[in-house]
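Here are my notes on the structure, written as numbered points. Please keep the sequence and the 3D view open while reading them.

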Amino acid sequence: MGDDDDDDIPQLSSHTLAALQEFYIDQRQREGIKISQGFKQYSFGSIEEDWQLSQFWYDDETALCLANEAVLAAGRGGRIACVSAPSVYQKLKEQDGKDFSVCILEYDKRFSVYGEEFIFYDYNNPLNLPGNLIPHSFDIVLADPPYLSEECLRKTAETVKYLTKGKILLCTGAVMEEQAAKHLGVKMCNFTPKHTRNLANEFRCYVNYDSGLDRDSSCSECT
């Protein structure tokens with residue numbers, strides 16, 4: 001291959017390169033802070049989001065609000081399943097000692113550090129689940145499908161309906177409102193979740209039960 005072949009390689013703009021450099025510097029700084037502070041494995045934000053896996057963590061207030069809502073909806077001694085929602089799972093684990101149990105269904109195997117509570121999950125195979133996950137055995141299922149597509153929501157919905165006893169808390173784009181109602185029978189809440197990084201698409205929460213998330217657009221009802 002000659003030097004002329006280099007002309008065919010896509011080149012990043014100076015603006016994009018600067019943005020990437022800033023992102024990686026920010027990541028290194030965060031890692032340094034974690035090491036110096038001795039982060040616990042369940043600490044919120046202890047695992048960085050991976051954009052290539054379409055991961056965008058909720059901000060601290062949103063994650064706490066959703067975690068508190070899940071605990072309230074599950075009830076005393078309740079079981080909670082977090083499907084593709086690791087930042088909410090981490091917030092739930094920060095409350096360790098409360099009377100509930102939780103597991104995380106996630107594609108990213110970095111979360112296998114959480115041991116038996118981690119269940120590898122690929123939405124492309126929505127019912128390829130361990131035998132010990134008994135149908136309709138969770139008091140609430142909280143799901144955040146990784147992609148804003150009808151296919152991803154439809155397949156994730158299969159998993160959610162398999163796991164839940166009834167209650168569903170879905171977080172996805174506002175543009176998915178019609179599909180969310182079609183596949184899961186959920187309605188949009190007043191509460192608007194926020195992420196640590198600004199996303200191009202507006203995100204909303206959806207539920208199929210009487211929820212505090214539907215009474216206020218802030219977290220005041222949940223914290």
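1. I start with one residue, E178, which is found in helix α5. The model is predicted, and the remarks below should be read as remarks on a model. Is E178 buried or exposed? Its relative accessibility is 65%, so E178 counts as exposed; the cut-off for that word is over 50%. E178 can also be placed relative to M188: the two are 10 residues apart in sequence, and their C-alpha atoms are 9.7 Å apart in space.

2. Helix α5 covers residues 177-184, and it packs with helix α4, residues 150-163. Two packed helices are described by the angle between their axes and the distance between the axes. For α4 and α5 the angle is about 35° and the axes are 10 Å apart. The crossing of α4 past α5 is right-handed.

3. Which residues make the contact of α4 with α5? On the α4 side they are E150, L153, R154, A157, V160 and K161. On the α5 side they are Q179, A180, H183 and L184. By type, five of the residues in this contact are nonpolar, two are polar and three are charged. An α-helix has 3.6 residues a turn, so residues three or four places apart point the same way. With that in mind, look again at the numbering of the α4 residues listed here, among them L153, A157 and V160.

4. Just after α5 comes G185, in the loop between α5 and β6, which spans residues 187-188. Not counting neighbours within four places in sequence, G185 is in contact with A180 and N208. A180 also belongs to the contact of α5 with α4. From G185 to V207 there are 22 residues in sequence and 8.2 Å in space, C-alpha to C-alpha.

5. Back in helix α4, Y162 deserves a look. Y162 is partly exposed, because its relative accessible area is 26% and partly exposed lies between the cut-offs of 20% and 50%. Leaving out residues up to four places away in sequence, Y162 touches L127, L129, L133, P135 and H136. P126 is 36 residues from Y162 in sequence, and the two C-alpha atoms are 9.2 Å apart.

6. H136, one of the residues touched by Y162, lies in the loop between β3 (118-120) and β4. H136 has a positive phi of about 55° although it is not a glycine. With a relative accessible area of 48%, H136 is partly exposed. S84 also has a positive phi of about 55°, and it is not a glycine either. S84 sits in the loop between β1 and α3. At 15% relative accessibility, S84 counts as buried.

7. Now the whole chain. The protein has five helices and seven strands. From the N terminus their order is α-α-β-α-β-β-β-α-β-α-β-β. Of the 223 residues, 46% count as buried. The accessible surface is about 12000 Å², and carbon and sulfur atoms account for 49% of that surface. Among contacts with a separation of 6 or more, 64% join residues 24 or more positions apart.

8. In soluble globular proteins, nonpolar side chains tend to be buried together. Here the largest nonpolar core has 31 residues, and those with the most contacts inside it are L66, I80, V88, L92 and L169. At least two residues of this core come from each of α2 (60-74), β1 (78-83), α3 (86-94), β2 (100-106), β4 (138-143), β5 (164-173) and β7 (203-207). Which element gives the largest share? It is α2, with eight residues. A second, separate core has 24 residues, including V83, L105, A143 and I168.

9. Last, helix α3. How many of its nine residues are buried? Eight are, so to the eye α3 should look mostly covered. The buried residues are P86, S87, V88, Y89, Q90, K91, L92 and K93. They pack against α2, β1, β2 and β4. V88 gives a concrete case: leaving aside neighbours within four places in sequence, V88 is in contact with Y58, A63, L66, A67, C82 and L142.

Notes
Residues are numbered from 1 along each chain as its sequence is written. This is a predicted model: local features need pLDDT of at least 70, side-chain atom pairs count only at pLDDT 80 or more; totals for chains, interfaces and linings use all residues. Side-chain values use heavy atoms; hydrogens and water are left out. Helices (H or I, at least four residues) and strands (E, at least two) are DSSP runs, numbered from the N terminus. Buried means under 20% relative accessible area, exposed over 50%, partly exposed in between (1.4 Å probe, protein chains only). Contact means heavy atoms within 4.5 Å. Accessible areas come from the Shrake-Rupley method with a 1.4 Å probe; for residues, only the protein chains shown count as cover. Axes are lines fitted to C-alpha atoms, for helices over the stretch in contact, and angles run from 0 to 180 degrees between N-to-C directions. A crossing is left-handed if the near helix is turned anticlockwise from the far one by less than a right angle, and right-handed if clockwise. Ala, Val, Leu, Ile, Met, Phe, Trp, Tyr, Cys and Pro count as nonpolar, Asp, Glu, Lys and Arg as charged, and the others, Gly among them, as polar. A nonpolar core is a set of buried Ala, Val, Leu, Ile, Met, Phe, Trp, Tyr and Cys residues joined through side-chain atoms within 4.5 Å.
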